[in-house]
Structures are given as structure tokens and as C-alpha cells.
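Trainee: I would like to learn how to read a model of this kind, strand by strand and residue by residue. Could we go through it together?

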Amino acid sequence: MKTFVLLITHGLVLIIGFAAGIYLLPILTQPTAPDEEMIGKVASEALFTGQFQRDLKDSDALHYGDGTLYVSEKKISFSGSISPGPDYRLYLSPEFIETKADFLSKKAKMRQIGDVRTFENFLVNLPEDVNPADYNTAIVWCESFSIFITAGKYQ
């Protein structure tokens with residue numbers, strides 16, 4: 001009986017430690033976030049603005065974004081916060097998406113723009129062949145776990 005209790009308690013500690021590591025590692029290893037001056041430069045050149053909101057269908061307490069998105073000809077910046085996590089990617093979509101199912105069914109029409117590695121503000125360069133006017137929504141997606149984080153319609 002004692003061995004069984006030890007296996008259960010040690011197994012639970014292992015699972016909790018693993019989950020905490022997945023959550024905390026991106027926070028501990030994130031690069032320095034862009035400051036408000038860098039975000040403001042993109043904001044001053046923005047062709048479009050949008051909002052990431054916490055109350056989307058597939059957003060929850062662990063997967064959300066909250067703040068303002070600025071889309072210029074060459075960069076996308078975000079002033080606000082997104083929930084921390086591993087392997088976040090920024091996508092542009094020609095239509096608004098707010099669920100995992102919608103994202104997966106329409107992923108072929110989207111364009112992956114780059115990695116999101118900071119959780120307070122971010123700045124992502126647009127590839128030269130991407131015209132942001134061809135899309136209307138920016139989406140943050142967790143590639144490793146196929147989890148919808150947030151989206152914001154910018155036009």
C-alpha cells in the first residue's frame with residue numbers, strides 16, 4: 001500500500017512539475033519585449049489597427065490576448081499582453097477566426113508571419129511578399145499544442 005501511495009504522490013508531483021515547466025519556461029526564456037517607443041513607431045505608421053480581446057469563443061483564463069494591434073506596411077506590433085506559452089506564431093487571415101475549429105479548417109487560406117516570443121508587447125516583421133491589406137485578421141496560435149490563443153480583426 002505504501003508503494004502505491006508513493007507512486008501516486010510522486011506521479012502527481014511529476015505531472016505538476018512538467019505542467020509548470022511548460023508554462024514557466026517560455027516566460028523565463030523570452031527575449032526583451034519591445035518598448036513603447038518601438039511599438040509607437042509602428043503605430044505612427046499603421047495602416048490598420050485592431051484589438052485582441054479576452055472574450056473570444058476559444059479564449060479562456062490560460063489562452064487569451066488583450067491589447068491593441070498595429071499593422072503597418074512592413075511590421076505588426078502589439079501593445080498589451082497575451083498569455084504565456086510555447087511556440088506561438090502570428091498568422092494573418094482573410095476572415096475573422098475565434099475558434100480552434102475555424103482556424104484548422106481555414107488554415108490553408110492564412111499566412112504564417114512569424115514567431116511571437118514575448119508576452120507583453122510584440123513586434124513581428126512582415127515578409128516582403130505579404131500585403132497586409134489582403135487580410136483582415138491577425139491570429140496568435142500555439143503551434144506545439146494546436147491551441148487558439150487570440151485574434152483581432154484589423155480591417
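Trainee: Let us start with the pairing of strands; how many bridges join strand 3 to strand 6, and in which sense do the two strands run?

Mentor: In this predicted model, strand 3, which covers residues 75–82, is joined to strand 6 by 5 bridges, and the two run antiparallel. To follow the register by eye, take Ser81, whose bridge partner in strand 6 is Glu120.

Trainee: In what order do the strands of that sheet lie, and is the sheet open or closed?

Mentor: The sheet is an open one of 4 strands in the order 1-2-3-6, with antiparallel pairing. Strand 1 (48–52) and strand 6 (120–125) stand at the edges, and because each has a single partner strand, one side of each is left without a neighbour in the sheet. On average, neighbouring strands of this sheet are turned by 15 degrees against each other, if direction is ignored.

Trainee: Which helix lies across these strands, and at what angle to strand 3?

Mentor: That is helix 2, residues 36–44, which lies across strand 2 (65–71), strand 3 and strand 6, and which runs at about 130 degrees to strand 3.

Trainee: Now for the side chains: how do they alternate in a regular strand?

Mentor: The general idea is that, in a regular strand, side chains alternate between the two faces of the sheet. Strand 7 (residues 137–142) illustrates this, with Thr137, Ile139 and Trp141 pointing one way and Ala138, Val140 and Cys142 the other way. Both sets are buried, and strand 7 is accordingly described as mostly covered, with 6 of its 6 residues buried.

Trainee: Which strands pair with strand 7?

Mentor: Strand 4 (residues 88–93) pairs with strand 7 in the antiparallel sense over 6 bridges, while strand 8 is joined to strand 7 by 6 bridges and also runs antiparallel to it. Thr137 is a useful landmark, since it stands opposite Ser93 on the one hand and opposite Lys153 in strand 8 on the other. The hairpin of strand 7 and strand 8 has 4 residues between the strands, and there Ser146 takes a positive phi near 50 degrees.

Trainee: What sign of phi do most residues other than glycine have?

Mentor: Most residues other than glycine have a negative phi, and positive values are therefore worth picking out when reading a backbone. Asp87, in the loop between strand 3 and strand 4, has a positive phi near 55 degrees. Asn121, which is found in strand 6, likewise has a positive phi, near 70 degrees.

Trainee: Are these residues buried or partly exposed, and why?

Mentor: Asp87 counts as partly exposed because its relative accessibility is 29%, whereas Asn121 counts as buried because its value is 9%; the cut-off for buried is under 20%.

Trainee: Finally, what volume does the second largest pocket have, and which residues line it?

Mentor: The second largest pocket has a volume of about 160 Å³, and its lining includes Ile22, Tyr23, Pro84, Tyr88, Cys142, Phe145 and Ile147. Helix 1 (2–29) and strand 8 (147–153) are the elements that give two or more residues to this lining. By class, the lining has 10 nonpolar residues, 2 polar residues and no charged ones.

Trainee: And how many helices and strands does the protein chain have?

Mentor: There are 3 helices and 8 strands, and 41% of the 155 residues of the protein chain count as buried.

Terms used:
Residues numbered from 1 in each chain as written. Predicted model: local features only at pLDDT ≥ 70, side-chain atom pairs only at ≥ 80, totals over all residues. Heavy atoms only, no water. Pairing = 2+ DSSP bridges. Axes fitted to C-alpha atoms, helices over the stretch in contact; angles between N-to-C directions. Contact = heavy atoms within 4.5 Å. 1 Å grid on protein atoms, 1.4 Å probe; cavity = no way out; pocket = protein on both sides within 12 Å on 5 of 7 lines; lining within 4 Å. Points joined across faces, edges and corners; volume = space filled by probe spheres on them. Nonpolar A, V, L, I, M, F, W, Y, C, P; charged D, E, K, R; others polar. Buried < 20%, exposed > 50% of the residue type's maximum accessible area, 1.4 Å probe, protein only.
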